[in-house]
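Hi everyone, thanks for coming. I'll walk you through one protein chain today, so have the picture in front of you and stop me if I go too fast.

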Amino acid sequence: MSSDRTFALVGNPNTGKTTLFNALTGLRQKVANYPGVTVEKKVGTGRDRHGAAFTVIDLPGAYSLDAKSPDEEVTRAVLRGERPDTPQPDAVICLVDAVNLERHFYLATQVMELGLPVIVVINKTDEAEERGITIAAKRLEERLGVSVVPMQANERVGMEALQVALSASDLAQPQWTAVEDGDPATRYTAIETLLEGTVARSEEDRQTPSDKWDRVLVHPILGWVVLLSIVGGLFFTLFSLAGYPMDLIDGTFGWLGEQVEARMAEGDLRALITEGIIGGVGGVVIFLPQILILFFFIGLMENTGYLARVSFMMDRLMSGVGLNGKAFVPVLSSYACAIPGIMATRTMESARDRLITTLIAPITSCSARLPVYVMLIALMLPVGTAGQKALVMIGLYVLSIIGVYTFAWVFNRTLEKSEKTLMVLELPSYQRPSWREITLQMYERGKIFLRRAGTVILGLSIVLWAMTTYPKSDSEDGSEQLAYSAAGRLGKTIEPVIEPLGYDWKMGIGLVASFAAREVFVSTMSIIYLGEEAEEDSVRDRMAEETRADGKPAYDVRTCLSLLVFYVFAMQCLSTVAVTRRETNSWRWAILQVVYLTGFAYLAALATYQIGGFFLS
């Protein structure tokens, strides 16, 4: 096989397509977007059994080529060779679920009618056996005239047979008669004829392990208890287990700063390296363990099939604000990062539902907020236990959920109504987690986080250091120099606006800087509070020692609560604004997103601080 052979990987959602893509390509992947749309483009390189290279394009999951969503539009266009940015594939790997063969062959037969060589992969054969389903793959292969490969992709069972099929010098065209009538019933009749005699089902009524698990995990009461327990376990882990690697990272960056100070003469260049670069970037990188733990939990829920059950449970709650359970997947994705969350709205058929979900996605407490939350909670509860801090963290996430529902309800009643769409959600069988796939996902997300820290955060940290250093005053007092600097003047300018929220001008510098990216607040505080004379202290120690003019702590409980509430709601991510503009094809909605979220964040923080004065000293 020539090294430039390109395979398109297609299939319904939840067929194990991502698992197979990772098995074929490993770490040799590139993820971007298709130009002009926010649909994710995943391309990887694999090698066949002879060592020859081939390219795999992982196309978005689709139920049919009768496109009803941006995802399906891209899949259809790539297969037909209608996208100038993506050449038409040489062949197609069509993945179908062994448990739902008849329904999944709806897409498979449409693909075979395009005239491209096809390899049919029947995945999840182990689950089919549990349900008493037997598939005669060889008989089906004879009828279609193409390779039909039974697989259990999560355990890599059948991978050798697939490699043999991929290594074929010439892939055969399917022996499939096109269904001329566009009526779905006609196609299903043709599929029934095709599969007749190839699929045998046991007459015994078998209850699979998935059925038994669902009695608990989607139970109206027990299901919610389990879900809340998982969320509570996540946040407890964030504050307990993550502490050890965080201390190691903190010590590493501290050692780097000491090495620079020992080898360089005192001056602006040394200060730039120790305070601006090492201090600024290190103040964000320290939270990498918590980011990885978050993605581990999300990957585990998705990989085992539990995430689809959560969507099912959320359908009734989402319907209360005019959306369906499908909106929950983009919303949940946004808790990791709003950008892929907004991109995930492409699976929703209704343009109106996509818009509402896009507008509310940034309210979710994404992973970029974690560094800010952790810092402020530690300041607010300096002697609190991991359990107490986890409860506060859960409270912040509950607050964001309330915000999501509230604004979804508002937009549902203000935006022009459209025809309601029914939710069609396929619940995959539970499966043992693929630790390899979860690790790969953590690696990819961790790499993105570190790349952001090494580019965006690094650049902003250098700019912030310069703004806090220049122009220089004649005073040798560090506080007076900061107030005299460009950053200090900016903070003093906005101080009257933020003072009712409990913030001083130093906090104002952090707020303004974090509109580029929320986590920049942490690196900004590191630059502001950690000078070369304070390398022995952590930024939290210095912030805890900060006092107001009346001698009271600057970061008391009222102020920390106000800051936490502000960061729950504020729109502080330029990348998300850009994606919203691209997704909606309008600056109108992106600007609305910034204005309504920032305005509400200000009012909510104001109410928190002022009302808190009646209860907290």
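Let's start with a word I'll use a lot: a residue is called buried when its relative accessible area is under 20%. And please keep in mind that this is a predicted model.

With that word in hand, go to helix 2, which covers residues 70-80. Of its 11 residues, 8 are buried, so by that cut-off helix 2 is mostly covered. The buried ones are Pro70, Asp71, Glu72, Val74, Thr75, Ala77, Val78 and Leu79. What lies over them? The cover includes strand 1 (6-11), strand 5 (91-97), helix 3 (101-112) and helix 16. Right after helix 2 comes glycine 81, and its phi is positive, near 75°.

Now zoom out for a moment. The protein chain has 27 helices and 9 strands. Its radius of gyration is 27 Å, close to the 25 Å that the globule rule gives for 617 residues, so the chain is as compact as a globular protein of that length. If you lay the C-alpha trace along its principal axes, it spans about 90 × 55 × 45 Å. Buried residues make up 53% of the 617. And if you take the contacts with a separation of 6 or more, 73% of them join residues 24 or more positions apart. As for the outside, the accessible surface comes to about 27,500 Å², and carbon and sulfur atoms own 58% of that.

Next, helix 16, which we just met as part of the cover on helix 2. Arginine 354 sits in helix 16. Is arginine 354 buried or exposed? Its relative accessible area is 17%, so arginine 354 counts as buried. Leaving out neighbours within four places in sequence, arginine 354 is in contact with Pro70, Thr345, Arg346, Met348, Glu349 and Glu583. Pro70 should sound familiar, as it was among the buried residues of helix 2.

Let's move along to helix 27, residues 587-612. Helix 27 has 26 residues and reaches 37 Å from its first C-alpha to its last, close to the 38 Å expected. At its N-terminal end, serine 586 acts as a cap: one of its side-chain oxygens lies 3.0 Å from the backbone nitrogen of arginine 588. Which helices do the buried residues of helix 27 pack against? They are helix 16 (351-360), helix 18 (386-414), helix 25 (557-569) and helix 26 (574-584). Among those buried residues are Trp589, Tyr596 and Tyr609.

Another one I like is lysine 17, in helix 1 (residues 17-25). With a relative accessible area of 10%, lysine 17 is buried. Its side chain reaches the backbone oxygen of leucine 59 at 2.5 Å. Beyond residues up to four places away in sequence, lysine 17 touches Leu9, Val10, Gly11, Asp58, Leu59, Pro60, Gly61 and Leu95. For a sense of scale, the C-alpha atoms of lysine 17 and glycine 395 are separated by 36 Å, and those two residues are 378 apart along the chain.

Last stop, the cysteines. A disulfide is a covalent bond between the sulfur atoms of two cysteines. How many disulfides are there here? The count comes to 0. Cysteine 94 is buried at 1% relative accessibility, and cysteine 366 is buried at 4%.

That's my tour, and I'm happy to take questions.

Note on methods:
Residues numbered from 1 in each chain as written. Predicted model: local features only at pLDDT ≥ 70, side-chain atom pairs only at ≥ 80, totals over all residues. Heavy atoms only, no water. Helix = DSSP H or I, 4+ residues; strand = E, 2+ residues; numbered from the N terminus. Expected span 1.5 Å × (residues − 1). Buried < 20%, exposed > 50% of the residue type's maximum accessible area, 1.4 Å probe, protein only. Contact = heavy atoms within 4.5 Å. Polar contact = N/O pair within 3.5 Å; in protein donor to acceptor, adjacent residues only side chain to side chain. Rg over C-alpha atoms; globule rule 2.2 N^0.38 Å. Areas by Shrake-Rupley, 256 points an atom, 1.4 Å probe, with all protein chains shown as cover. Disulfide = S-S within 2.5 Å.
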